[in-house]
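Work through the following exercises with the coordinates open beside you. Each task is followed by a solution that goes step by step.

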Amino acid sequence: MSVLRELGTISVCLAIGLVAAKAEDYPTRPIRIMVGFSAGTGADITARVVGQRMGQILGQQIVVENKAGAGSSLAAEAVARAPKDGYTLLMASIANPINAAVGSSLSFDFPKDFAPIVRLTTTPNVLVAHPSIGVRSVKELIDLAKAKPDQLSFGSSGVATGTHLSGELFKVMAGVKMVHVPYGGSPQAVTDLLAGRTQVLFSPASTVLQHVREGKLVALASTEAKRTAIAPDLPTMVEAGLPGFETGLWFGLMAPAGTSKEIVEKVNGAANEALKADEVAKALAPQGIDVVGGSTDDFARHLHSEMTRWATVAEAAGLKK
């Protein structure tokens, strides 16, 4: 019996040593980042720009694979089922906690099946309005919406998307009633806003600021905690009188839960170093994408805040299933 016990102890020690060696040697082959959106989107651009620099730091190629569909849930499902070895990572986004909060029939448990690595970037939404309604500030919009309940409509890129939930959060925090008009993507939502068929829209800054400069739309506020570099004169929603309103389109790396802490920290270190590179910031800035970075704990706290926020908004909007 003692011999068996000793053999068992030796096996455990060997296994621990093997895991440690693997973590220390990581990576020994290319790393794959699964992106749940199509090429050219903010998630895709972030993955490719940051991933290229990370690959140079880690000494291995980082391959970006687009697996669009179901609000990025197809990519998340693939990563949740992947080996816990650090070679398949998820480019997570605001869509993931929203999907979890809405209670869609997912084959995975987002909070439990993924390990946070680092929040990479954020892209502010901008609250814009059609000039015909005559508002020039968030306060004026709120006053108008209160005076005309359910007579203003706001577009979105689809039901339960970040732009939709931003509008629902605005309704809750401002105490107003507006009609939601969902589209199949941001371009269609912007097109109808420009035509005056809807009156209000939360949209990624890079999508609408040119229209603002041309006088076709009026920008009222950005949705990040601090002013965005792409529109520094635009106040934040907090400055406009809605404390706690923050709905930027963030992107971050996550690994399957159970991936070793050593590998997670190694990827986190490479990502933070990549985000400090001048060429990374210069490539992302024109797209309205700001770098973030930070520790795994920072990202975990952000995710917890997002899950709580969107669960509350989804319930208020009657979206929970």
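**Exercise 1: two loop residues and a cis bond**

D150 is placed in the loop between α6 and β6 (153–156). The model is a predicted one, and the backbone and accessibility of this residue are the starting point.

Task: Determine the sign of phi at D150 and at S72, and decide whether each residue is buried, partly exposed or exposed.

Solution: For D150, phi is positive at about 65°, although the residue is not a glycine. Its relative accessible area is 44%, and because the partly exposed class lies between 20% and 50%, D150 is partly exposed. S72, in the loop between β2 (62–66) and α3 (73–80), likewise is not a glycine and has a positive phi, of about 80°. With 1% relative accessibility, however, S72 counts as buried. As background, most residues other than glycine have a negative phi, and most peptide bonds are trans.

Task: Find where P27 lies, and state the geometry of the peptide bond that leads into it from Y26.

Solution: P27 belongs to the loop between α1 (2–25) and β1 (31–35). The bond from Y26 to P27 has omega near 0°, and is cis.

**Exercise 2: the sheet and its helices**

Task: Establish the strand order of the open five-stranded sheet, and then identify which helices pack on β5, β8 and β9.

Solution: Reading across the sheet, the order is β7-β6-β8-β5-β9, and the pairing is mixed. The edges are formed by β7 (179–182) and β9 (218–222), each of which pairs on one side only. From one strand to the next, the twist averages 30°. Within the sheet, β5 (residues 125–129) and β8 (residues 200–204) are antiparallel partners over five bridges, and V126 stands opposite S203 of β8. Helix α6 (residues 138–147) packs on the sheet, where it touches β5, β8 and β9, and its direction makes about 105° with that of β9. Helix α9 (residues 205–213) also lies across β5, β8 and β9, and runs at about 120° to β8.

**Exercise 3: a helix pair**

Task: Classify the crossing of α7 (residues 162–174) with α12 (residues 296–316), and describe the residues that make the contact.

Solution: The two axes come within 9 Å and cross at roughly 75°. Since angles of 65 to 115 degrees count as roughly perpendicular, α7 is roughly perpendicular to α12. On the α7 side, the contact is made by L165, S166, E168, L169 and V172, while α12 contributes R309, W310, V313, A314 and A316. Sorted by class, these are seven nonpolar, one polar and two charged residues.

**Exercise 4: cores and buried contacts**

Task: Which residues of the largest nonpolar core touch the most other members, and what does V138 touch?

Solution: The largest core has 49 residues, and F114, V138, L141, F170 and M237 touch the most other members. Leaving aside residues up to four places away in sequence, V138 touches L127, F170, L220, A221, M237, A240 and L242. A second core, separate from this one, has 34 residues, including M91, V118, A271 and A277.

Task: Is T228 buried or exposed, and which residues does T228 touch beyond four places in sequence?

Solution: T228 sits in the loop between β9 and β10 (249–256) and is buried, at a relative accessible area of 2%. Its contacts beyond four places in sequence are with P124, S222 and D290.

Note on methods: Residues numbered from 1 in each chain as written. Predicted model: local features only at pLDDT ≥ 70, side-chain atom pairs only at ≥ 80, totals over all residues. Heavy atoms only, no water. Axes fitted to C-alpha atoms, helices over the stretch in contact; angles between N-to-C directions. Helix = DSSP H or I, 4+ residues; strand = E, 2+ residues; numbered from the N terminus. Parallel < 35°, antiparallel > 145°, perpendicular 65-115°, else oblique. Contact = heavy atoms within 4.5 Å. Nonpolar A, V, L, I, M, F, W, Y, C, P; charged D, E, K, R; others polar. Pairing = 2+ DSSP bridges. Core = buried A, V, L, I, M, F, W, Y, C linked by side-chain atoms within 4.5 Å. Buried < 20%, exposed > 50% of the residue type's maximum accessible area, 1.4 Å probe, protein only.
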